[in-house]
Amino acid sequence: MIAHVGGLPVEELVSAVHMAGVSVFALTDHDSVDGLAAARKHAGRLGLSLVNGVELSTRHENMELHILGYGFDAEHPL
């Protein structure tokens, strides 16, 4: 199974980050951390540093909100 982030396979996205000359980046997919393991693996092969991230979607008083979270332990049990 190929993990996708924003329509791109995770490895393709990480390769694009590398080609752009970025050395540290965060992956913040909508309401999911499913791509982090694949991104970390591919980033490691390319010498990149990945910051765990997520974009959480919610609503408050008829307003849609997107909250970004960074640097959390993606392996921590719930």
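Here is a quick tour of the helices and the sheet in this structure, which is a predicted model.

Let's start with helix H1, residues 10–19, where Val10, Val14 and Val17 are the buried residues. Looking down the axis of H1, you'd find these buried residues within an arc of 55°, so they line one face of the helix. That fits a simple rule: an α-helix has 3.6 residues a turn, so residues three or four places apart point the same way. After H1 comes Gly21, with a positive phi near 85°.

Next up is the sheet. It's an open one, built from three strands in the order S3-S4-S5, with mixed pairing. S3 and S5 are at the edges with a single partner strand each, so each has one side without a neighbour in the sheet. On average, and ignoring direction, neighbouring strands here are turned by 30° against each other. S4 and S5 run antiparallel and are joined by eight bridges; in one of these pairings, Val54 has Gly69 in S5 as its bridge partner.

| Strand | Residues |
|---|---|
| S3 | 24–27 |
| S4 | 49–60 |
| S5 | 63–70 |

So how do the helices fit in? Helix H2, residues 36–46, lies across S3 and S4 and runs at about 155° to S4. The axes of H1 and H2 come within 9 Å, crossing at roughly 40°, and the crossing is right-handed. Where the two helices meet, H1 brings residues including Val10, Val14 and His18, while H2 brings Ala39, His42 and Leu46, among others. This contact is made up of six nonpolar, three polar and two charged residues.

Technical notes: Residues are numbered from 1 along each chain as its sequence is written. This is a predicted model: local features need pLDDT of at least 70, side-chain atom pairs count only at pLDDT 80 or more; totals for chains, interfaces and linings use all residues. Side-chain values use heavy atoms; hydrogens and water are left out. Buried means under 20% relative accessible area, exposed over 50%, partly exposed in between (1.4 Å probe, protein chains only). Helices (H or I, at least four residues) and strands (E, at least two) are DSSP runs, numbered from the N terminus. The arc is that of the directions from the helix axis to the C-beta atoms. Two strands pair if DSSP finds at least two bridges between them. Axes are lines fitted to C-alpha atoms, for helices over the stretch in contact, and angles run from 0 to 180 degrees between N-to-C directions. Contact means heavy atoms within 4.5 Å. A crossing is left-handed if the near helix is turned anticlockwise from the far one by less than a right angle, and right-handed if clockwise. Ala, Val, Leu, Ile, Met, Phe, Trp, Tyr, Cys and Pro count as nonpolar, Asp, Glu, Lys and Arg as charged, and the others, Gly among them, as polar.
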